[in-house]
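I opened my notebook beside the model and wrote down what I looked up, in the order I looked. Feel free to follow along with the structure on your own screen.

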Amino acid sequence: MDKSIIDLHPGLVAGFAIVVFIMLLLDLGIFNKKAHEVSSKEATIWTIIWISLSMAFSGVVYWVFNQDAGGHDLAIEKFTQFQAAYWIEKALSVDNLFVFILVFGFFKVPRYLHHKVLFWGIIGALIFRAIFIFAGVGLIELTYLPEWIVFGVPVRINVVMTLFGLFLVYAGIKSWGDGDGDEDEDYSESAGARLVKRFWKVSDNYVGDKFFTVQNGIKMATPLLLVVAVIEFTDVLFAVDSIPAIFAISKDPFILYTSNIFAILGLRSLYFLLSNFIHMFSKLPYGLAIILSFIGVKMIISPWYHISSPISLGIVGGILILSVLISIMFPDKEENGVG
């Protein structure tokens, strides 16, 4: 029987929450209590830690299902569901880095403040992703059409999954042709920035790592709060692509949420590790366009043909590796680092 981990071991929910809380506390309260520029060495260590924790948790997923829920085959299916959802979200998160670099450059954010902005962006992602994932799973369960017979084969179509699939195919095709259009975007007029400006006046200059300041007796937001709002809104926009994509991998909300959060939690360290080498991923957006389209097709054809999680993981992994190799072999003529 295909049971959720929540049904098998409710304690894992508390365990996951405790691990995330402790890691965030260590990150912000101890190792990064003072705003500073994160070195490549520090970023590498944290990247290894987060990926190792993610892989260890996928091992826990395998162990739980292998021991308590039907044996090796189901355990492998759940293990690969976690892995596929994790690496899809990780890849799409790397794509976020392109936008983060543009946002930080647009607002001229000092490098020592990047970590704090990304940290609060992660806190927002923890909340919004939970809402999107659990609401999405509930909505999917409510939108199955009555079963009907096609050429003697019973077919049960889900309206939401089909719409998600069509949207992802469209998003993949659109992102392939977008190119570098974001470079000319005015982020000071994005929805997140407008929201902050609606409630507070914004000071002209940064005031250390503070979100608010008082000038001439008036409480004002600093540009740092503006940047956090833009990053939060940007993450919500990216979730519109990534959340439907992982629904094609699994319907288990715990696997979806934990894989999603582990991928996002490692995004900050990955940003500092890769920001100066982002040209090595110049072709990644094209790989992601193919992945989004593939997942969209997978969702559309799922009532007739199921592509298993191990196969999906292999296809996604292969596309990601190939896109990075092509980026290295055929780099862009203009390779700009982050100043």
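**Entry 1: the second largest cavity**

I began with a list of the residues that line the second largest cavity: F100, L118, G121, I122, A125, I231, D235, I264 and L267. This is a predicted model, so I read every entry here as a reading of a prediction. I put the volume of the second largest cavity down as about 70 Å³. Which helices supply at least two residues each to this lining? I found α5 and α8. The most comes from α5, which gives four residues to the lining of the second largest cavity. I also noted the cavity count, which is two at 30 Å³ or more. A reminder to myself on the approach: a probe the size of a water molecule, rolled over the atoms, shows where empty space is left.

**Entry 2: D235, from the cavity lining to a salt bridge**

D235 caught my eye as one of the lining residues of the second largest cavity, so I looked up its partners.

- I found D235 in a salt bridge with R129, with 2.7 Å between the closest N and O atoms.
- The pair joins distant parts of the chain, as D235 sits in helix α8 and R129 in helix α5 (residues 114-141), 106 residues apart.
- Buried or exposed, I asked of D235 and R129? I wrote down buried for D235 and buried for R129.
- I then followed shared partners and arrived at one network of salt bridges made up of E89, R129 and D235.

**Entry 3: the other salt bridges I checked**

I counted five salt bridges in the structure. D252 and K78 form one of them, with their closest N and O atoms 3.6 Å apart. Why does this pair tie together parts that are 174 residues apart in sequence? D252 lies in the loop between α8 (223-247) and α9 (253-265), while K78 belongs to helix α4 (residues 72-106), so the bridge spans that separation. Next I checked how covered the two partners are. D252 has 5% relative accessibility, which means it counts as buried, the cut-off being under 20%. K78 has a relative accessible area of 4% and is buried too.

I then turned to K197 and E189, whose side chains meet in a salt bridge at 3.9 Å, N to O. For K197 I noted a relative accessible area of 37%, so K197 goes down as partly exposed. E189 is likewise partly exposed, at 43% relative accessibility.

**Entry 4: S259 in α9**

I moved on to S259, which lies in helix α9. Its relative accessible area is 1%, so I marked S259 as buried. Where does its side chain find polar partners? I found two backbone oxygens: that of I255, 2.8 Å from a polar atom of the S259 side chain, and that of L256, reached at 3.0 Å. Setting aside residues up to four places away in sequence, I listed F82, A85 and Y86 as residues that S259 touches.

**Entry 5: helix α10**

How many of the eight residues of helix α10 (residues 267-274) are buried? I counted seven, so this helix is mostly covered. My list of buried residues in α10 reads L267, R268, S269, L270, Y271, F272 and L274. L267 was already in my notes, as one of the residues lining the second largest cavity.

**Entry 6: E147, on the exposed side of the scale**

After so many buried residues I looked at E147, in the loop between α5 and β1 (148-150). At 55% relative accessibility, E147 counts as exposed. I checked its contacts, leaving aside neighbours within four places in sequence, and wrote down P154, V155 and R156. I also took the C-alpha to C-alpha distance from E147 to I157: 7.5 Å in space, for residues 10 apart in sequence.

**Entry 7: the whole chain**

I closed with the overall numbers.

- The chain has 12 helices and four strands.
- Of its 339 residues, 48% count as buried.
- Among contacts with a separation of 6 or more, 77% come from residues 24 or more positions apart.
- About 16,600 Å² of the chain is exposed, and carbon and sulfur atoms supply 68% of that area.

Key:
Residues are numbered from 1 along each chain as its sequence is written. This is a predicted model: local features need pLDDT of at least 70, side-chain atom pairs count only at pLDDT 80 or more; totals for chains, interfaces and linings use all residues. Side-chain values use heavy atoms; hydrogens and water are left out. Buried means under 20% relative accessible area, exposed over 50%, partly exposed in between (1.4 Å probe, protein chains only). A salt bridge is a side-chain nitrogen of Lys or Arg within 4 Å of a carboxyl oxygen of Asp or Glu. Contact means heavy atoms within 4.5 Å. Accessible areas come from the Shrake-Rupley method with a 1.4 Å probe; for residues, only the protein chains shown count as cover. A polar contact is a pair of N or O atoms within 3.5 Å; within protein, one must be able to donate a hydrogen and the other to accept it, and residues adjacent in sequence count only if both atoms are side-chain atoms. On a 1 Å grid over the protein atoms alone, a cavity is a set of points where a 1.4 Å probe fits but cannot get out, and a pocket is an open set with protein on both sides within 12 Å along at least five of seven lines; lining residues have an atom within 4 Å of a point. Grid points are joined across faces, edges and corners, and a volume is the space filled by probe spheres set on the points.
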